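Work through the exercises below with the sequence and the coordinates open beside you. Each task is followed by a solution that goes step by step.

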Amino acid sequence: MCVFSVIIPLFNKEAYIQETIKSIINQTFKSFEIIIVNDGSTDKSLENAVKALKGYSNYKIYNQDNKGLSITRNTGIELAKGKIIALLDADDIWDQEFLNEIYKLYNDFPEASLYGTDYFEKYSNTNILTPKKNLDTSLKNKSFLVENFFEASLFQPIISQSNFAFKLEVFKNFQFNENIDFAEDIDFYIKSNLKYKLAYSYKPLATIHLNIPNQMTNNSFKGKRLINFDYFENEASTNPSLKKFLDYNRYFLLINSRIFSDKVTYDLMAKHIDYNNLSYKQKFLLKSPLFFLKFLKLVKKLFLKRNIRLTSFND
């Protein structure tokens, strides 16, 4: 039995999948299997994946019609034989020490069932940066239990789709919600972190590709089945950090739904948001004219090209 099952949902990532697979095979920690769920790709993703796996034997490829990310991840995890599930999107990569670092967390923090590391954001080959987290900078390059996941995840998430792992037993209690197709990751993070402890290595050992063609964050939410933040309101009534986390994520959707003129999403997110949980800057932006928001979006892109990441989450 291997220690890790690496789950890769694959849909039309022909330009990235080979580098992704190479970053797994080159891991210094070798006890893992690779499970690729091909979610009805119509390009050369599957062909390129097979090429990248040449010479490596411990893998499975499961082909299905296009069913979406949640079903694809759940299918991959159901096929897993490892003790720890490690998620990796088909356009992201790991540092060669990623699995080794997760295994250290697994051994050093037996009370934890969730694991993560810091990460880089990659916008281009010359535009790679590490977003600021709501964590004490004195903890950089150290490993620790995250005392309050929701507080630590304000401003910028400390975990994402490709720097997160968890014990297989977690999946027995929580699966990825197949009834939503936007922010299914956040839904899983909330549910799992309410029940389990997260051990974290404050070292950037994963690289998350952004500005990928057809990436959801570049598009409108119209027609998407969104996470139901209201589902967590009862829990949030006695958990202020969770409530603030929910409202910060609602704020993100509010701003973007304004930019894309999506009144349905705006009304849904505005229904239960507590504006007292937002900064003055965030409240100002929500009331700003649409042309000003679109102008700020362009400014942010210009700064990103100079490796400066601006966000309305920061005060």
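The exercises go from confidence and overall fold to a cavity and then to two single residues.

**Exercise 1. Determine how confident the predictor is in this model, and where pLDDT stays under 50.**

Solution. Begin with the fact that this is a predicted model, so that confidence is the quantity to read before any other. The mean pLDDT of the protein is 91, and 94% of its residues reach 70 or more. Then look for the weak stretch: pLDDT stays under 50 over residues 214-218, and for these residues the model has eight contacts beyond four places in sequence.

**Exercise 2. Decide whether the radius of gyration of the protein agrees or disagrees with that of a compact globule.**

Solution. First take the chain length, 315 residues, for which a compact globule would have a radius of gyration near 20 Å. Next compare the value for the protein, 19 Å, which agrees with that expectation. The C-alpha atoms fill a box of roughly 55 × 45 × 40 Å along the principal axes, and 52% of the 315 residues count as buried. Finally, turn to the fold itself, which comes to twelve helices and ten strands; among contacts between residues at least 6 apart in sequence, 79% join residues at least 24 apart.

**Exercise 3. Find how many cavities of 30 Å³ or more the protein has, and characterise the lining of the largest cavity.**

Solution. The count comes to one cavity of 30 Å³ or more, and about 40 Å³ of space lies in the largest cavity. Its lining is made up of N228, F229, D230, R250, L268 and M269. Sorting these residues by type gives three nonpolar, one polar and two charged.

**Exercise 4. Classify N249 as buried or exposed, and list its contacts beyond four places in sequence.**

Solution. Locate N249 first, in helix α9, which spans residues 240-259. Its relative accessibility is 15%, and because buried means under 20%, N249 counts as buried. Once its neighbours within four places in sequence are left aside, N249 is in contact with I186 and F229, and F229 is also one of the residues that line the largest cavity.

**Exercise 5. Place K140 in the secondary structure, classify its exposure, and state how far K140 is from G82.**

Solution. K140 is found in the loop between β7 (127-129) and β8 (143-145). With a relative accessibility of 45%, K140 counts as partly exposed, since that class lies between the cut-offs of 20% and 50%. For the last step, compare sequence with space: K140 and G82 are 58 residues apart in sequence, while their C-alpha atoms are 29 Å apart.

Definitions and conventions. Residues numbered from 1 in each chain as written. Predicted model: local features only at pLDDT ≥ 70, side-chain atom pairs only at ≥ 80, totals over all residues. Heavy atoms only, no water. pLDDT = per-residue confidence, 0-100. Contact = heavy atoms within 4.5 Å. 1 Å grid on protein atoms, 1.4 Å probe; cavity = no way out; pocket = protein on both sides within 12 Å on 5 of 7 lines; lining within 4 Å. Points joined across faces, edges and corners; volume = space filled by probe spheres on them. Nonpolar A, V, L, I, M, F, W, Y, C, P; charged D, E, K, R; others polar. Helix = DSSP H or I, 4+ residues; strand = E, 2+ residues; numbered from the N terminus. Rg over C-alpha atoms; globule rule 2.2 N^0.38 Å. Buried < 20%, exposed > 50% of the residue type's maximum accessible area, 1.4 Å probe, protein only.
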